[in-house]
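Colleague: I have a few questions about the labels used for this model. Can you take me through the reasoning?

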Amino acid sequence: MTGMNSFDNKSFLARIRGGDFAHPGEEDAIDLVLSHVSPAPSETVLDAGSGLGATADAIGRKTGASVVGVDLDAQSVGYANSRYPERQFIPGDVTKLGELGLPTVDVIYAFNSLYACEDLEACFAAFRKVANQRARIAVFDYIAYDASALAEADCLPPTVHSMAEMRQAPERQGWTCTGIVNLDQDYIAWYGRFLARMDENREVLGAARSPAFFDEVRKKYADMRQCLEWGVLGGALHTYAFGT
Ligand SMILES: C[S@@+](CC[C@H](N)C(=O)[O-])C[C@H]1O[C@@H](n2cnc3c(N)ncnc32)[C@H](O)[C@@H]1O
């Protein structure tokens, strides 16, 4: 199993999460993020790394804003466009947003997508290309507190960013960090909930793919929770605005 970002693996996670989400905390996390950064109904939003599309759809439903999602995985984009026709989903790389013909956006959300991106600075350079001067960004994501211990645990790609990177890479691209919400304890609780749901639905989930696949996924998520408990891994919401 190479990561969980393939369409089939995200679909498996969605079954566990009870919706087309691939981030911890599902709808609770979306409400939390919206309580910090929320668009007006007249505004346009980009969901960077939109996956199966439920996050973009929830943001649109809860705020009335127009939402466009971008994801590298064309199969997820195809699914999201058919499942959530009120939103628009475009296949593409978030580091190349300037090439996708997007509208100018007021708010950018990234829910557990930038951790997978090797070049964080390129993401924020690309955000600059599509954002207007009043734009706000909310990045909800993992944080690597101890990169070498995290690499040893081998439950996430080696690209998970540190707190310092989350501040410095955007700043080098003209964005100012306007707030940091520590979510370490929330992530621990959300992973506990996720593992409990897996255990409650072991039979049906095992039958959906295979018992061996179930065990492999469960181990990966148990390892992630362990890393969270050890303080090797964490979670945070970072918010940014243009300029100083
Ligand atoms: C863990 S999933 C999260 C999906 C969604 N944000 C959600 O919360 O359900 C990460 C997503 O980021 C996408 N992704 C990773 N790197 C990307 C990139 N450079 N450009 C666009 N999408 C990317 C993956 O294809 C995947 O769908």
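Modeller: Start with the ligand in this predicted model. One of its nitrogen atoms is 2.9 Å from a polar backbone atom of Phe-111.

Colleague: What makes that a polar contact with Phe-111?

Modeller: A polar contact needs N or O atoms within 3.5 Å. The distance to Phe-111 is 2.9 Å, so the pair counts. A polar backbone atom of Leu-72 lies 3.1 Å from a ligand nitrogen, so that pair counts too. For Lys-10, a polar side-chain atom is 2.6 Å from a ligand oxygen.

Colleague: How much of the ligand does the protein bury?

Modeller: Alone, the ligand exposes 590 Å², and the protein buries 94% of that. The space it takes is the largest pocket.

Colleague: Which residues come nearest to the ligand?

Modeller: Lys-10, Ala-22, His-23, Gly-49 and Asp-71, out of 21 around it. The shell divides into eight nonpolar, nine polar and four charged residues.

Colleague: Now the rings. How many aromatic pairs are there?

Modeller: The whole structure has 15 aromatic pairs. One of them is Phe-7 with Tyr-79.

Colleague: Why is the pair of Phe-7 and Tyr-79 called tilted?

Modeller: Stacked means planes under 30 degrees apart, and edge-to-face means over 60. The planes of Phe-7 and Tyr-79 are at 55°, so the pair is tilted. Their centres are 5.8 Å apart, within the 6.5 Å cut-off.

Colleague: What parts of the chain does this pair link?

Modeller: Distant ones: Phe-7 is in helix H1, Tyr-79 in helix H4, 72 residues apart.

Terms used: Residues are numbered from 1 along each chain as its sequence is written. This is a predicted model: local features need pLDDT of at least 70, side-chain atom pairs count only at pLDDT 80 or more; totals for chains, interfaces and linings use all residues. Side-chain values use heavy atoms; hydrogens and water are left out. A residue is near a molecule or strand if one of its heavy atoms lies within 4 Å of it. A polar contact is a pair of N or O atoms within 3.5 Å; within protein, one must be able to donate a hydrogen and the other to accept it, and residues adjacent in sequence count only if both atoms are side-chain atoms. Accessible areas come from the Shrake-Rupley method with a 1.4 Å probe; for residues, only the protein chains shown count as cover. On a 1 Å grid over the protein atoms alone, a cavity is a set of points where a 1.4 Å probe fits but cannot get out, and a pocket is an open set with protein on both sides within 12 Å along at least five of seven lines; lining residues have an atom within 4 Å of a point. A molecule sits in a cavity or pocket if more than half of its atoms lie within 2 Å of its grid points. Ala, Val, Leu, Ile, Met, Phe, Trp, Tyr, Cys and Pro count as nonpolar, Asp, Glu, Lys and Arg as charged, and the others, Gly among them, as polar. Rings of Phe, Tyr and Trp (its six-membered ring) pair if their centres lie within 6.5 Å; planes under 30 degrees apart count as stacked, over 60 as edge-to-face and the rest as tilted. Helices (H or I, at least four residues) and strands (E, at least two) are DSSP runs, numbered from the N terminus.
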